[in-house]
Structure formats: C-alpha cells, structure tokens
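Let's take a walk through this protein together, starting at one spot and working outwards. Have the model open and follow along.

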Amino acid sequence: MSLIKPQRTLSRGKGKNFKKPKFVSLRYRFILITSLMLLLLLTTLALVLGIMQTRTIQGRIERQGLAIAKNLAAISVDHLITYNYVALEKLVNQAVNNPEIFYVIIHDKEGRVAGYSGRPDLQNTLLTDEISLKAIEAKKPLVTVQVPEPGHTPVMDVAVPVYLPGSQDQWGTIRIRLSLELMHQQIRQTLWSILILGSLALAIGILIANWVAQRVTRPLETLVNATIEAAQGNLKQSISIHTRDEVEILANNFSFMIQETLAQKQQLENQLKEIQQLQQYAEKILATMGDGLLAVDVEGIVTAINPAAHTILGLSNSKVVKGCHVLELFSQEIPFADYLRQSLEKPSTRSQQEIHLQRDDTTQVLLVGAGILESDQKKPRQIIFNLNDITVLKKLEAQIRQSQRLADLGTLAAGMAHEIRNPLSAIKTYVALLPKKIKKPGFLEKFQRTVPREINRLNNLIEELLELSRPPKFNFKRTDIRALLEQSIELMEADFMERGIDCQWEVPNELPRVMVDSDQLEKVFINLLKNGAQAMPDGGTLTVGASCKDKWVTLYFQDTGSGFSPDLAQSIFTPFFTTKAKGTGLGLAITHKVISEHGGQIEAKSQEDQGSCFSIRLPGIQD
C-alpha cells in the first residue's frame, strides 16, 4: 500500500562471505601482451625482409636474363636471316655454360625451334606449350615466373623478340630459362637468422617483462587485498605502499575513500532509519485518512490503495487489488471507468469531478481528482486518484434546498392565493347561479365551458407547485448536449413557423458531453424556447448558441422580443413572478431548480424593447 519503497542497505556487513572473483593476473597479461608484440614485430620483420630480398634478387636475375637474351639476339640475327641452324645450335649450347641457366631456345621467323641447348632432336619443331606460344607471340621482352610444384626448382622464363636492324619485322625469338633456387636459399638463410635472433630476443623480452610486471603488480596485489577486505566490511584498515608513482597515489586515495565510505555508511544508515520512520508515518496517514487514495502506474496497474478507497469503491478488504489492472476492477462502473481510461490515455492533473455510481437502488456520488507523480525526467510515473464520498453531503444539500423551498412556501402562499382566487370566484359564481339560471337558454353551455377550464387551471397550478416542491429524482447519464438542443428545436419548429420566427443555430460541432437527466433538461430547453417565442408575437429572430471554456459548457437563448427591465432580472426566477399577461410564473422557477440540481447556473439579461438572453452553464465531461 505504501508509495515509498525502502532502500536496501548499501554496505555488506561483517561476517558476510565475499567470493573472490576469478581473473587472470595482471603480471601474466603483461607478459602475454609483451610476447605477442614481440612475435608480431618479428613476424612483420621477417615478412618485410623476405619480400624486399625476393624483389631484389629476382630483379637482379631478371636483368641478367634480359641482358643475355638481348646479347644472343644481336649475335643470332644474321644466322636467322640466312637460316643457319647449325650456327644457332652451337650458339645456344655455348650460352648454357652459366649454372643458373637451364636452357636456351631460339625460334625462327615461323616459330619453329632453330636451336635448343642439349636437345638437337627438337630442331625444326613447333613447341605448343603455353609459355612457348606466349613467348613467340610477344612483341617486346616478356618475363614469366613459374610457381614451382613440390620437389621442383623455381624458374624464370625470359623471352626477347629478334628484329632486323632498322625494321619492325620479327625474325625470331630468344628464350632463356633461369633458376631461382639460389634466391630461395638466400631467403631461407635470412629467415632462419631472423628466427634464431627473434627467439633470443623473445626470451630476453619475457624476462624483462616479468621483472617489470612484478614491480607493478606487487603493490597492486596489496591494494586488491585491501579492497576485498573493505568489501567484506572491514573499513578500519591501513594501507602502506611506497612506490613513488601512481600506485602510491592510488593507495592513498583508496585509504581516503575508505574513511569517507565509513562516514557515509553511518550517515546512510541514519537516513534509512528516518526514511523508514517517514514510511511508517505515511502508511499510518493513508490507513487513517477519510479520503480514498488509489495509485496506478502509466500502464494502469494498481500500485497502492488505502482502506478508505476499499470502502468507498465497495471493494472487499480481503480482495487482492495491488497488481491488478484498474479497468478490470471497475469495468462495470461505467462513469468511473471512463474517468480512469481518460486519465490513463492522457495523464495530466485533472480538476475534481463528480461521478455518480449506481449501488443497487441508491446512487453514490464521488468527488474524484487526479494528480501526476513524475519521474526525474519529468515523465508521468504514477497517477494518484483522490476519492471522496460526498453522497451524504449531497443528501444534506438536497435537504437544505428542500428546507429552503418549504421556507419559501410562506412567500408562495400569497401568490397561490392570488392565482387560486380568480378560478374559485368564477366557479363559486356559477355554482351560486346554477339553481336560478339552470333553465335559462345558454347558461348550461357557458357553465360547462367555464367551470372545467377554471378547474384545469387550478389543477395545472397544483401540478407545477408539486413539481417545484417535491424532492428531485434525476437519472444522470452522459449526454450529447448538441443533439438534445436539435431535438428540442425540432419539437418547436411548427410553433416557430406559425409565429414567423427565424431560429438561428450557432452551436459548434464539437462539444464535451455532459452528465445530465436528458428528459428534465429537454423540458428546460422547450420552456426557454417557448418563452422566447411568446416574447415575439409579431415574429423575430431566436438565436440558440453554445460555447465551451474551462471545462464548462455555456448555452444561450436570445430573442428580439420586447424584453424587460434589468431590475427585474433578479426576480425573474421567483415563483409566481411573471411579466406575461397570462401565466403562473412557475415555469422559470422550475427551470432554475432543474439547472441548480445539475450543478449549473442560469442567468437572465434583458433590456426593454431590445430582447432577452437566457444563458445556462453546465459542467462538461472531457472525452
């Protein structure tokens, strides 16, 4: 039921077990990171040196091969022109004396083998392998490096076309295949050197990292143990670390924080006791207050309800309400459920509103208001409804009004005597003349016309007096006031046309609904429309308008009739007071009573020869 939740104690009291978390030591992490960095450095160094050495040696071999091929091209051009294959064969065999050259091939103009070192059997043949075909078709020097298969020596093919001096005619192609094995041997030797030196550097780096890590981690371990002791509740301890660096500063700051934490712990414990006392005080207030309190979150879940709200809303004290949705609890209470639904859809502080609930044969009247409890971000967190059962107060008000009406009966007696005297005088006169003039022609006809009329006049007067004096019995419902006005005007439409009255409509389309007795309020509208029509016997304009401001609906009925003096505006609603030649003066009194019972107000304004205006204010219901 409480709106204040107790806070948990922040400190871990002594004696509670504190499990030391599992972790990897900072020293081992430092060693591991140092080793990984050295490995990364050595690997990067090996890759960079290998790539640079490969490019350097391979470039040197490429330049060597091109130089040999171009030299052979210059020597063999005359032999190719004369098709001297014997000289070309001798030339290629002499060129392979270099141990890095696998073979030398000279192709003639048609692409046939003119000379092949160590392979005289292939002379005058066409080689159809892919490298040979590309070499024959090459119009400029072509270098191809072949990726060796496992167990084979890596090689490089160099092809140089042979052109006649001063001509673009190609008369052959010189091909040389060079071995790259020496290059790979040098690269392997370099990598082994890097591996040996790197392993030695890695071992030395690990030893140095271990030594540095120990100097850093020893004071940190002392500090960690101190934090574990503090977490277990031991705040009265002294930490002594002298490293003359950031760790010593950290230890001093931690000692200061322990002392501050100890002081704040004591302060928080004192504040917690105060909060608990305030919570008990609030719970006692909620339990003993006469007004009902109902708190729900923005989702509509009940978070708090006091005993008074249980009683006012007719809920059993044993019924579990907290945690339930508020609309499920009051789905049958239509007016209250609508008020709750509107508050949840548009959370805002709502002014107090009367809600009528039907309880068996009686009507319960609640005065309900809503307030918003906001979060730190100024967003609605809870909606708090204040409930006040004013049923007894409403009954007392009705009794006071009834007593006032009875007190006014003395004033009404004079008016009644005046209104009753004339019909009774007429009836008495005709009854007295009845024995003498019963046989006179036309007397009975006049008697039967006059006496029942006066009796009906007396009966209507008595009915209006009874309606004015009897306790009200209204059936309040949510009503569309605009539709009720249209219905009332339709009933008076024939009378308006007969009198030549133009009815102007100034009612907006959107008006809040009102909680009224539609039958009683329709009588009020018809009475005001009739009064306006009777004030314009020669025709005129009757304007019906409405507006809404500050949750109040204002209706007005304005005519262009003769009007009356402003001094009479205060007496216009007094029983038996009338400005008409004929009338009892009870119609506006009954109208005033009905509007008052609806919690509204009615006011009359008029000027002689300028018409009258009757305005009605009724409390609206926000949709």
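Start where helix α13 begins: a side-chain oxygen of Asp517 reaches to within 3.1 Å of the backbone nitrogen of Asp519. Keep in mind as you look that this is a predicted model.

Now follow α13 itself, which runs over residues 518-534. Does the length make sense for a helix of 17 residues, and what span should you expect? At 1.5 Å a residue it should cover 24 Å, and its end C-alpha atoms are indeed 24 Å apart, so the two agree. Next, is this helix enclosed or out in the open? Because 12 of its 17 residues are buried, α13 is largely enclosed by the rest of the structure. The buried residues include Leu521, Val524, Phe525, Ile526, Leu528 and Leu529, but you'll also find Gln520, Glu522, Asn527 and Asn531 among them. Gly532 and Ala533 are on the buried list too.

Step back for a moment and take in the whole thing. The protein has 14 helices and 17 strands. Of its 623 residues, 37% count as buried. Contacts between residues 24 or more positions apart make up 61% of those with a separation of 6 or more. As for the outside, the protein exposes about 38000 Å², and carbon and sulfur atoms supply 55% of that.

For a piece of that outside, go to helix α1, residues 26-81, where you'll find Leu36. Together with Leu32 and Leu39, Leu36 makes a nonpolar surface patch of about 280 Å². Leu36 has a relative accessibility of 48%, so it counts as partly exposed, the exposed class being reserved for values over 50%.

Carry on past α1 and you come to Tyr83, in the loop between α1 and α2 (85-95). Its backbone is worth a look: phi is positive, at about 55°, although Tyr83 is not a glycine. Most residues other than glycine have a negative phi. Tyr83 is partly exposed, because its relative accessible area is 39%. A second case of this kind is Asn124, where phi is near 70°, again a positive value in a residue other than glycine. Asn124 belongs to the loop between β2 (113-116) and α3. With a relative accessible area of 42%, Asn124 is partly exposed.

While you're in this part of the chain, look at the charged side chains. Side chains of opposite charge can pair when their charged atoms come close. The count for this model comes to 9 salt bridges. One of them joins Arg119 to Asp121, with the closest N and O atoms 3.1 Å apart. Arg119 is partly exposed, given its relative accessible area of 35%.

Helix α3 (residues 130-137) holds another pair, Lys134 and Glu130, set 4 residues apart, about one turn of the helix. Their side chains meet in a salt bridge of 3.3 Å, N to O. How do the two partners sit relative to the surface? Lys134, at 47% relative accessibility, counts as partly exposed, while Glu130, at 56%, counts as exposed.

Next comes a salt bridge between Asp157 and Arg177, whose closest N and O atoms are 2.8 Å apart. This pair links distant parts of the chain: Asp157 is in strand β4 (residues 155-163) and Arg177 is in strand β5 (residues 170-179), 20 residues apart. Are these two residues buried or exposed? Both Asp157 and Arg177 are buried. Further along, Asp338, Arg341 and Arg478 are linked in a network of salt bridges.

Finish at strand β17 (residues 612-621), where Ser612 is found. At 6% relative accessibility Ser612 counts as buried, since the cut-off is 20%. What does it touch? The side chain of Ser612 makes a polar contact with the side chain of Ser606, at 3.0 Å. Leaving aside its neighbours within four places in sequence, Ser612 is in contact with Phe557, Gln558, Asp559, Gly563, Phe564, Lys605 and Ser606.

How values were computed. Residues numbered from 1 in each chain as written. Predicted model: local features only at pLDDT ≥ 70, side-chain atom pairs only at ≥ 80, totals over all residues. Heavy atoms only, no water. Patch = residues over 30% accessible without salt bridge, like charges linked within 9 Å, V, L, I, M, F, W, Y side chains within 5 Å. Areas by Shrake-Rupley, 256 points an atom, 1.4 Å probe, with all protein chains shown as cover. Salt bridge = Lys/Arg side-chain N within 4 Å of Asp/Glu carboxyl O. Helix = DSSP H or I, 4+ residues; strand = E, 2+ residues; numbered from the N terminus. Buried < 20%, exposed > 50% of the residue type's maximum accessible area, 1.4 Å probe, protein only. Expected span 1.5 Å × (residues − 1). Polar contact = N/O pair within 3.5 Å; in protein donor to acceptor, adjacent residues only side chain to side chain. Contact = heavy atoms within 4.5 Å.
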